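Please open the structure in your viewer and keep the selection panel at hand. The tour proceeds from one selection to the next.

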Amino acid sequence: SESDWDFLILLNHQPDINEQKVFRHLLFMIELETVQAISAIIRNSSEWESPRNKISPFYQSVSREGKKL
């Protein structure tokens, strides 16, 4: 099913699995409080800005429709 909120979380370093779990747990707690479905993609900002990634449909969609928080 589709989420109500989609977040791209960019970090200055490569997130490890434990860090990703912390983000996902916090977002899950918000989901419970708000009864809103939340999805999150957690990436390194350098990886996100790479030329190879910039041609991906997902990058194009985020660039076109995303809101910077």
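## The aromatic cluster

Begin by selecting Trp48, Phe58 and Tyr59, which ring pairs join into a cluster. Please bear in mind throughout that this is a predicted model. Two aromatic pairs are present in the structure.

Display the first pair by showing the rings of Trp48 and Phe58. Their centres lie 5.6 Å apart and their planes meet at 80°. Because an angle over 60 degrees counts as edge-to-face, the pair of Trp48 and Phe58 is edge-to-face. Now colour the helices: Trp48 belongs to helix 2 (residues 45-48) and Phe58 to helix 4, so that this pair links distant parts of the chain, 10 residues apart.

Is Trp48 buried or exposed? Its relative accessible area is 6%, and a residue under 20% counts as buried, so Trp48 is buried. Phe58, with 38% relative accessibility, counts as partly exposed.

Keep Trp48 selected and add Tyr59. These two residues form a tilted aromatic pair, with 4.8 Å from centre to centre and 35° between the planes. Trp48 lies in helix 2 and Tyr59 in helix 4, so the pair ties together parts that are 11 residues apart in sequence. Trp48 and Tyr59 are both buried.

## The loop before helix 4

Next, select Ser56, which is found in the loop between helix 3 (51-54) and helix 4 (57-65). Its relative accessibility is 17%, so Ser56 counts as buried. Show the side chain of Ser56 together with the backbone of Tyr59. Which atom of Tyr59 lies 3.1 Å from a polar atom of the Ser56 side chain? It is the backbone nitrogen of Tyr59.

## The nonpolar core

Finally, clear the selection and choose Ile9, Leu11, Leu27, Ile38, Ala40 and Ile42. These six residues make up the largest nonpolar core. Strand 1 (5-11) and strand 2 (38-44) each contribute at least two residues to this core. The largest share, three residues, is supplied by strand 2.

As a last step, centre the view on Leu27, a member of this core. Which residues does Leu27 touch, leaving aside those up to four places away in sequence? Leu27 touches Ile9, Ile38 and Ala40. As a general remark, nonpolar side chains tend to be buried together in soluble globular proteins.

Methods:
Residues numbered from 1 in each chain as written. Predicted model: local features only at pLDDT ≥ 70, side-chain atom pairs only at ≥ 80, totals over all residues. Heavy atoms only, no water. Helix = DSSP H or I, 4+ residues; strand = E, 2+ residues; numbered from the N terminus. Buried < 20%, exposed > 50% of the residue type's maximum accessible area, 1.4 Å probe, protein only. Polar contact = N/O pair within 3.5 Å; in protein donor to acceptor, adjacent residues only side chain to side chain. Phe/Tyr/Trp six-rings, centres within 6.5 Å; stacked < 30°, edge-to-face > 60°. Core = buried A, V, L, I, M, F, W, Y, C linked by side-chain atoms within 4.5 Å. Contact = heavy atoms within 4.5 Å.
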